[in-house]
Amino acid sequence: MRASMVCMAHHVLRFAAGTDVGQRRKVNEDSAYAGPRLLAVADGMGGHPHGDVASRAAITAIAELAARLSPDLPAGDDLAADLAAVVAGITRRLDDLGRQDAELRRMGTTLTAMAWGGAGFTVAHVGDSRGYLLRDGALVQITRDHTMVQSLVDGGQLTMEEAARHPRSSVLVRALQSGSDAHPDIYRQDARPGDRFLLCSDGVFGYVPHEAIRSAVAGSAEPERVVARLIDLANGAGGPDNITCVVADVLPASAGAGERVPLTIGAAGRDAAGPLARLGRRLRRA
Ligand SMILES: [Mn+2]
């Protein structure tokens, strides 16, 4: 008994990520990051100019935090403080960009980020991208949408079903935006071996029914195949929006995590010669 208390459970992540522009948009304004310590999805806000710039700024800041965290031993990290600082930094960055270029004023992005601490996550969430947990065959949403319709659901004025069909279901009440303070939800999420986590943009859950998402997430042992299946389902539903997924399995450390090269994709992945590519090389050497 004593030994199990001293030897804290320490697990590892096996992760995959994918993004697709969809069937109707010209530009992919989603970005995502997946690595051994951090998972994140950012959706540049529809109806705002230059959402791709905003989601790239958010995911670049997440990748920079990932580079500062040890890939293996989480001891001593204060992940809630780290994530709060990153979110505040993203807002400052959006403010700076807005000051330099009037066209970039009022651009915004969602951000759903999960920092891995070895036995659980710290989540930072703003907007209407989502986190889900698949445990014992059930898929549960672990983030709360910052949307007008979710506020109406909370107030008892709409059911979840009505909210999902609401014509203004994507109108946000909170986002990362230049000219306004960020108010992220930051909280702990427990995790155990066998858990599978999904982060995705609304291009997935807005068009693919919950049960189809659950069945895709539960349908393959390989996170890569789950990502590909979800992108296929969203495109099969018409692909009206950009589509982005990150899938991560929690494994006992003894299982090893296999491929651990971090992925930066979508709008943030476009600038292959830029600072992110250099960051990627540094991480691969580490
Ligand atoms: Mn979207």
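Which strand pairs with strand β11 (residues 196–200), and over how many bridges? Keep that one in mind while you look through these close-ups of a predicted model.

**View 1. Strands β11 and β12 side by side.** Here's what you were looking for: β11 pairs with strand β12, which covers residues 243–252, and the two are joined over five bridges. Their pairing is antiparallel. To pick out one of the rungs, find Leu 199 and look across to β12, where Val 246 is the bridge partner.

**View 2. The open sheet of five strands.** Step back from that pair and you can read off the strand order, β1-β12-β11-β7-β8, with antiparallel pairing. At the edges stand β1 (11–20) and β8 (138–141); each has a single partner strand, so one side of each is left without a neighbour in the sheet. Going from one strand to the next, the twist averages 20°. Now look for helix α8, made of residues 223–236, which lies across β1, β11 and β12. Helix α8 runs at about 30° to β1.

**View 3. The manganese ion and its aspartates.** Asp 43, Asp 202 and Asp 241 coordinate the manganese ion through their OD atoms, at 2.1 to 2.2 Å. Along the chain, these donors follow the spacing D-x158-D-x38-D. Asp 43 sits in strand β3 (residues 38–43) and Asp 202 in helix α6 (residues 202–205), so this pair ties together parts that are 159 residues apart in sequence. Are these two buried or exposed? Buried counts as under 20% relative accessible area. Asp 43 comes in at 7%, so it counts as buried, and Asp 202, at 13%, is buried too.

**View 4. Ala 58 and its surroundings.** Ala 58 belongs to helix α2, which spans residues 51–68. With a relative accessible area of 0%, Ala 58 is buried. So who does it touch? Leaving aside residues up to four places away in sequence, Ala 58 touches Ala 42, Ile 90, Thr 109 and Leu 111. You can also check the spacing to Ser 31: the C-alpha atoms of Ala 58 and Ser 31 are separated by 8.3 Å, and the residues are 27 apart along the chain.

**View 5. Where the confidence drops.** Over the chain, pLDDT averages 88, and 86% of the residues score at least 70. Residues 1–7 are another story, with pLDDT below 50 and zero contacts in the model beyond near neighbours in sequence. Over residues 272–286 pLDDT stays under 50 as well, but the model has 14 contacts beyond four places in sequence for this stretch.

Methods. Residues numbered from 1 in each chain as written. Predicted model: local features only at pLDDT ≥ 70, side-chain atom pairs only at ≥ 80, totals over all residues. Heavy atoms only, no water. Donors = N, O, S within 2.8 Å, 3.2 Å for Na, K, Ca; no water. Helix = DSSP H or I, 4+ residues; strand = E, 2+ residues; numbered from the N terminus. Buried < 20%, exposed > 50% of the residue type's maximum accessible area, 1.4 Å probe, protein only. Pairing = 2+ DSSP bridges. Axes fitted to C-alpha atoms, helices over the stretch in contact; angles between N-to-C directions. Contact = heavy atoms within 4.5 Å. pLDDT = per-residue confidence, 0-100.
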